[in-house]
Amino acid sequence: MIAKIEKFTDSTYFTNALKATISAVIPVLVCTYFGHFEIGFTIALGTFLTYPCDIPSSLKHKINGIIVTAFLVAGVNLLINLTYPFPFIFYPLFPLLIFVLAMLSVYGQRATFTSFSALLSASLSFAHMHTGWEMIQYSGLILGGGLFYLLISLLFHYIKPYRYAELQIAECIKLTAKYLKLRGDLWNSTADRKAILEKQLHLQVELNDIHHNIRRVLIGKQMNAVSSHQNRKMLIVFVSLLEILELALSTSFDHNRLHQKFDKHPKTLATYQSLAYNLASTLKQLSKNIVKKTTYIPEHTLRKHLSALENAISEYENELGKSEASEGVLMLKTMLEYAENQIDKIKIIERAFTSVANNYDFKGKDKDLEKFLTPQYYPISTLIQNISFSSTIFRHSLRLTAAIILGGIAGKFLPFQNVYWILMTIIIIMRPGYGLTKQRSIQRVIGTIIGGIIAFSILALMPNYLILSILAILSMLLGFSFAQTNYTVSATFVTMYIVFIYGILTTDYLDVIQFRVIDTLTGALIAYFANHFLWPSWEYIKAPQYLEKSIVANRDYLKEIFTYYTKKGEVPTSYRLARKNAFIEIGNLMASFQRMSQEPKSKQKNIVLLYKLTELNHSLLSSTASLGTYTQSHKTTASSRALTIVVEKVLKNLDQAIALLEREIIVDPNEISNEEIANRFTELKNIRQNELKEGNIIDEEAFALKMQEAQLVIEQLIWLTNLSEGILKNTKKLMED
């Protein structure tokens with residue numbers, strides 16, 4: 001229990017909540033001491049409205065983002081107060097303002113949070129309308145609150161400048177370990193391989209998010225690529241984790257065939273599975289040590305387990321004899337080589353946390369790091385391009401604007417006490433996707449009811465102002481802490497915080513809270529029905545776009561690998577960028593499938609076919625990466641015309657699938673027939689056999705390596721061809737429906 005509490009209080013979410021709470025509480029306490037509670041409360045409101053935009057990034061982007069958000073929320077409040085007394089200006093301006101603020105989300109994650117803060121500021125402006133000098137003073141205090149939050153945030157940053165990055169690295173190590181553990185599970189003869197693949201795809205979505213966060217924090221111009229020992233150490237770890245994941249994804253084994261082959265020799269596969277589990281366990285231990293800030297002491301001697309696998313292979317070969325065991329030994333040596341590569345990469349991570357990181361660990365991988373970041377610029381053209389019903393953000397902005405207008409009308413003509421609470425609820429709950437909006441509506445209602453019951457019970461038993469103040473601060477802290485991880489719990493604590501505040505400020509809090517509950521229910525219902533009926537963004541509309549991006553990314557990755565296979569030399573940055581994009585897009589495709597599964601059954605069009613295509617793209621990425629990792633770590637033979645034709649066939653299949661998704665028709669006069677492809681595979685096998693029969697003296701190890709290349713490369717090419725044909729066939733079905 002204590003360990004869980006320590007983990008929670010050391011988390012990023014708790015730290016962010018602590019920053020917001022401290023920023024809000026200090027002004028209230030200081031101003032209340034001097035008899036100016038309302039001033040302190042307004043400054044606290046400014047901190048609340050600014051803190052959502054404080055997301056992981058470089059220090060420069062953090063400062064710029066917080067300053068822009070602080071000025072925007074203050075400016076929105078001032079604009080509404082200025083125009084509200086003039087209906088002929090206010091009524092056309094307000095919907096346009098809401099729409100424009102919502103459209104800011106097209107500029108990325110930070111802009112989305114800035115948009116959210118500005119929209120909240122717009123809704124809260126109706127809580128207290130001001131005139132004359134008072135409204136300028138009020139907006140100025142909100143701005144002051146935002147800038148005060150920036151000060152507190154910078155203070156936290158300089159106290160623990162690398163803690164966020166360390167925790168993200170630890171989480172990345174943990175998720176990578178989980179991925180390796182799932183690969184170990186595949187070696188159970190009774191394993192549900194389909195369920196394991198689905199778990200791996202879900203993990204890919206989480207890993208994409210973590211990788212994105214780490215890139216934003218560790219890579220940036222102001223760091224001069226690798227400016228400090230600590231930063232270098234974490235970059236070494238991050239690059240190694242990416243390579244571990246790529247290697248795990250790329251090295252696929254035919255488990256059914258292996259179980260049949262070694263059915264009478266179970267010890268061999270059991271030894272390998274034990275090693276696979278220990279790889280995962282070592283990474284998991286590393287993750288725990290980083291979180292706990294304890295010295296890392298390895299629990300597993302991986303080299304010893306690797307030797308055990310080598311001995312098991314030797315025993316298998318001695319038992320059957322070299323001739324009969326040759327095929328099995330080839331399979332086992334591929335597994336052994338995979339394990340050796342993973343151990344080497346894990347050892348790099350271990351050294352990073354036990355000794356001084358050195359330049360050799362990068363081996364040139366720190367070049368062009370900034371190319372792996374999405375550029376931070378905000379051209380007006382991006383906004384203009386998204387003013388179309390094909391844009392999810394445009395639809396959401398229209399929907400949100402309409403919902404807020406409906407909420408305002410409901411608050412004006414029905415007996416509600418405060419219209420701003422309805423508007424605020426709509427803004428907090430509504431999301432571009434139906435599934436998340438529905439989920440948050442339910443969670444907010446449940447949290448409001450539970451929080452109300454608990455808070456009223458406490459008020460009835462302990463109506464002491466000091467106790468209520470302490471409980472209000474704790475509720476605020478916990479409400480913010482759980483906002484990103486458990487929205488029901490977050491809504492519960494936020495409701496308790498509001499009840500305690502009203503319990504301190506007024507004696508008729510029962511009436512006030514009653515209206516808050518009704519307002520919340522009204523806002524939640526409007527948000528839910530607006531998402532369902534007003535320009536809905538059903539996932540089946542967007543899914544083909546995610547599918548197309550995934551196929552394009554896989555195609556580009558294969559092109560890079562084939563270019564590298566042909567030219568050899570140093571792995572270019574374009575290769576690594578193509579790999580990164582392929583990983584990201586398969587995660588995005590899976591995320592699209594997840595969102596579709598949360599929508600009404602009637603809107604889950606072609607969901608089975610979409611999942612089939614997701615699986616095929618994942619398998620294509622795995623096979624492509626397998627060819628890539630093998631090419632990087634082995635001296636491959638020269639590329640032949642037969643190899644080129646086979647790869648071109650795969651690329652043409654993918655190009656045709658992309659054309660179908662774009663509703664274009666490709667007529668290729670040089671179409672490669674399946675018969676010709678079969679002949680080319682025969683030619684490739686003959687080339688490899690002739691290479692081995694050239695008459696040159698070749699030692700046993702070199703012969704085994706050439707045999708391994710012949711088996712792996714040709715098998716991957718066959719698999720790539722079959723997968724690309726499967727993608728093309730299923731894409732045709734998808735576009736016909």
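Setting aside neighbours within four places in sequence, Ile349 is in contact with Ile173, Val237, Ser240, Leu241, Ile244, Leu283 and Leu286. This picture comes from a predicted model, and Ile349 itself sits in helix H14, which covers residues 322–352. One of those contacts can be put in terms of the backbone: Val237 is 112 residues away from Ile349 along the chain, yet their C-alpha atoms are separated by 5.2 Å. Buried or exposed, where does Ile349 fall? With a relative accessible area of 0%, Ile349 is buried, because anything under 20% counts as such.

A second isoleucine can be described in much the same terms. Ile551 belongs to helix H22, residues 539–567, and its relative accessible area is 0%, so this residue is buried too. Its contacts, again leaving out neighbours within four places in sequence, are Asn617, Leu654, Ala657, Ile658, Leu661, Ile727 and Thr731. Ser724 is 173 residues away from Ile551 in sequence, and C-alpha to C-alpha the two are 9.5 Å apart.

Then there is a serine, Ser117, placed in helix H6 (residues 109–124). What does Ser117 touch once neighbours within four places in sequence are left aside? The partners are Leu49, Pro52, Thr69 and Val73. Ser117 has a relative accessible area of 0% and is therefore buried.

Stepping back to the whole chain, the fold is built with 27 helices and zero strands. Of the 737 residues in the protein chain, 53% are buried. Among contacts with a separation of 6 or more, 81% are between residues 24 or more positions apart. On the outside, the accessible surface of the chain comes to about 34400 Å², and carbon and sulfur atoms account for 61% of that area.

Now for the empty space inside. Rolling a probe the size of a water molecule over the atoms shows where empty space is left. A search of the whole structure turns up four cavities of 30 Å³ or more. The second largest cavity holds about 100 Å³ of space. Twelve residues line this second largest cavity, and those nearest its centre are Trp421, Thr448, Thr495, Ile498 and Arg516. Which helices supply at least two residues each to that lining? They are helix H18 (434–461), helix H20 (487–505) and helix H21 (509–533). Of the elements involved, H20 gives the most, with five residues. Sorted by class, the lining of the second largest cavity has seven nonpolar residues, three polar and two charged.

Aromatic side chains come next. The structure holds 18 aromatic pairs. In one of them, Phe90 and Tyr91, the ring centres are 5.4 Å apart and the planes meet at 75°, so the pair is edge-to-face, a label that needs an angle over 60 degrees. How do the two partners compare with the burial cut-offs? Phe90, at 5% relative accessibility, counts as buried because the value is under 20%. Tyr91 has a relative accessible area of 48% and is therefore partly exposed. A further edge-to-face pair is made by Tyr528 and Phe529, with ring centres 5.3 Å apart and planes at 75°. Here Tyr528 is partly exposed, with a relative accessible area of 25%, and Phe529 also counts as partly exposed, at 43% relative accessibility. As for Phe90 and Tyr91, they belong to one aromatic cluster together with Tyr84, Phe94 and Phe126.

Last comes a backbone detail. Asn606 has a positive phi of about 60°, although this residue is not a glycine. Where does Asn606 lie? Asn606 is found in the loop between helix H23 (573–597) and helix H24 (607–633). At 26% relative accessibility, Asn606 counts as partly exposed, because that value falls between the 20% limit for buried and the 50% limit for exposed.

Methods
Residues are numbered from 1 along each chain as its sequence is written. This is a predicted model: local features need pLDDT of at least 70, side-chain atom pairs count only at pLDDT 80 or more; totals for chains, interfaces and linings use all residues. Side-chain values use heavy atoms; hydrogens and water are left out. On a 1 Å grid over the protein atoms alone, a cavity is a set of points where a 1.4 Å probe fits but cannot get out, and a pocket is an open set with protein on both sides within 12 Å along at least five of seven lines; lining residues have an atom within 4 Å of a point. Grid points are joined across faces, edges and corners, and a volume is the space filled by probe spheres set on the points. Helices (H or I, at least four residues) and strands (E, at least two) are DSSP runs, numbered from the N terminus. Ala, Val, Leu, Ile, Met, Phe, Trp, Tyr, Cys and Pro count as nonpolar, Asp, Glu, Lys and Arg as charged, and the others, Gly among them, as polar. Buried means under 20% relative accessible area, exposed over 50%, partly exposed in between (1.4 Å probe, protein chains only). Contact means heavy atoms within 4.5 Å. Rings of Phe, Tyr and Trp (its six-membered ring) pair if their centres lie within 6.5 Å; planes under 30 degrees apart count as stacked, over 60 as edge-to-face and the rest as tilted. Accessible areas come from the Shrake-Rupley method with a 1.4 Å probe; for residues, only the protein chains shown count as cover.
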